[in-house]
Amino acid sequence: MTEPTSVSRPIVISELVGVYDADGGAAGEAKYVVGHLLGRLECALCDITHGPVWRKKSFDAFRRRVGVPFEVVHRNERSPEVEAATRDALPCVIAQAESGWVVVLGRDELSGFGGEVDALERGLHHALGARGLALPAS
């Protein structure tokens with residue numbers, strides 16, 4: 001007789017935070033826009049969440065669908081806990097799990113999404129699964 005195998009269930013996350021590789025506020029955002037137009041600054045998360053001027057409606061729709069709070073903050077707006085979890089690994093998306101914050105998407109992954117919200121959504125589900133994490137069942 002074979003022993004039953006234990007099936008580990010994914011850990012359900014309670015929150016997501018995306019951190020831009022740019023500072024907030026009028027001066028920070030102006031610096032980023034000028035630097036981006038000159039090809040000197042880039043933030044793959046900015047490219048995913050924003051069009052030329054405003055935040056993408058498709059990103060806001062995704063945030064409503066995701067099933068947990070999904071906040072996006074500039075690097076100078078991070079809480080101490082989020083700053084400790086992200087350090088200089090920006091831009092990124094982190095998840096709140098039972099054990100604390102976990103980086104689920106880093107710069108390379110976000111860059112690979114080509115500024116597309118749909119690619120972010122697919123990539124997020126894949127990255128969570130690869131780390132034994134999951135969004136709440138809807």
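Partly exposed denotes a relative accessible area between the limits for buried, under 20%, and exposed, over 50%. All views below show a predicted model.

**Figure 1. Strand E2 and its two pairing partners, E3 and E4.** Strand E2 covers residues 15-19, and 4 of these 5 residues are buried, so the strand is largely enclosed by the rest of the structure. With strand E4 (residues 92-97), E2 pairs in the antiparallel sense over 5 bridges. Within this pairing, Glu15 has Gln96 of E4 as its bridge partner. With strand E3 (residues 70-73), E2 pairs in the parallel sense, here over 4 bridges. Leu16 of E2 is matched in that pairing by Phe70 of E3.

**Figure 2. The aromatic cluster of Phe59, Phe62 and Phe70.** The structure contains 3 aromatic pairs. One of them, Phe59 with Phe62, is tilted, with 6.3 Å from centre to centre and 50° between the planes. Both residues belong to helix H3 (residues 57-65), where they stand 3 residues apart, about one turn of the helix. Phe59 and Phe62 are both buried. The ring centres of Phe59 and Phe70 are 5.7 Å apart and their planes meet at 75°, so this pair is edge-to-face. Because Phe59 lies in helix H3 and Phe70 in strand E3, the pair ties together parts that are 11 residues apart in sequence. Phe59 has a relative accessible area of 0% and is therefore buried. Phe70, at 5% relative accessibility, counts as buried too. Ring pairs thus link Phe59, Phe62 and Phe70 into a cluster.

**Figure 3. Cys43 and Cys46, two cysteines without a disulfide between them.** A disulfide is a covalent bond between the sulfur atoms of two cysteines. The structure holds 0 disulfides. Cys43 takes part in none, and the cysteine sulfur nearest to its own, that of Cys46, is 3.0 Å away. The cut-off for a disulfide is a sulfur pair within 2.5 Å. The 3.0 Å between the sulfur of Cys46 and that of Cys43 is therefore too far for a bond. Cys43 has a relative accessibility of 0%, so it counts as buried. Cys46 is buried as well, with a relative accessible area of 11%.

**Figure 4. The largest nonpolar core and the contacts of Leu124.** In soluble globular proteins, nonpolar side chains tend to be buried together. The largest nonpolar core of this model has 29 residues, and those with the most contacts inside it are Leu16, Val93, Val104, Leu105, Leu110 and Leu124. At least two residues of this core come from each of helix H2 (44-49), H3, E3, E4, strand E5 (100-105) and helix H6 (117-130). H6 gives the most, with 6 residues. Beyond its neighbours within four places in sequence, Leu124 is in contact with Leu16, Phe62, Val66, Val93, Val104 and Leu105. Another core, of 7 residues, lies apart from the largest one and includes Val73, Leu90, Cys92 and Ile94.

**Figure 5. Thr86 of helix H4 and its surroundings.** Helix H4 spans residues 80-86 and includes Thr86. The relative accessible area of Thr86 is 2%, so this residue is buried. Leaving out residues up to four places away in sequence, Thr86 touches Val19, Arg78, Cys92 and Ile94.

**Figure 6. Salt bridges of Asp60 with Arg55 and Arg63.** Side chains of opposite charge can pair when their charged atoms come close. The structure contains 6 salt bridges. In the one between Asp60 and Arg55, the closest N and O atoms are 2.8 Å apart. Asp60 also pairs with Arg63, with 3.9 Å between the closest N and O atoms. Arg63 and Asp60 both lie in helix H3, 3 residues apart, about one turn of the helix. Each of these side chains belongs to a partly exposed residue: Asp60 has a relative accessible area of 23%, Arg55 one of 35% and Arg63 one of 25%.

**Figure 7. The salt bridge between Arg75 and Asp21.** The closest N and O atoms of this salt bridge are 2.6 Å apart. Arg75 lies in the loop between E3 and H4, and Asp21 in the loop between E2 and helix H1 (25-37), so the pair ties together parts that are 54 residues apart in sequence. Arg75 is partly exposed, with a relative accessible area of 29%. Through shared partners, salt bridges join Asp21, Asp23, Arg75 and Arg107 into one network.

Definitions and conventions: Residues are numbered from 1 along each chain as its sequence is written. This is a predicted model: local features need pLDDT of at least 70, side-chain atom pairs count only at pLDDT 80 or more; totals for chains, interfaces and linings use all residues. Side-chain values use heavy atoms; hydrogens and water are left out. Buried means under 20% relative accessible area, exposed over 50%, partly exposed in between (1.4 Å probe, protein chains only). Two strands pair if DSSP finds at least two bridges between them. Rings of Phe, Tyr and Trp (its six-membered ring) pair if their centres lie within 6.5 Å; planes under 30 degrees apart count as stacked, over 60 as edge-to-face and the rest as tilted. Contact means heavy atoms within 4.5 Å. A nonpolar core is a set of buried Ala, Val, Leu, Ile, Met, Phe, Trp, Tyr and Cys residues joined through side-chain atoms within 4.5 Å. A salt bridge is a side-chain nitrogen of Lys or Arg within 4 Å of a carboxyl oxygen of Asp or Glu.
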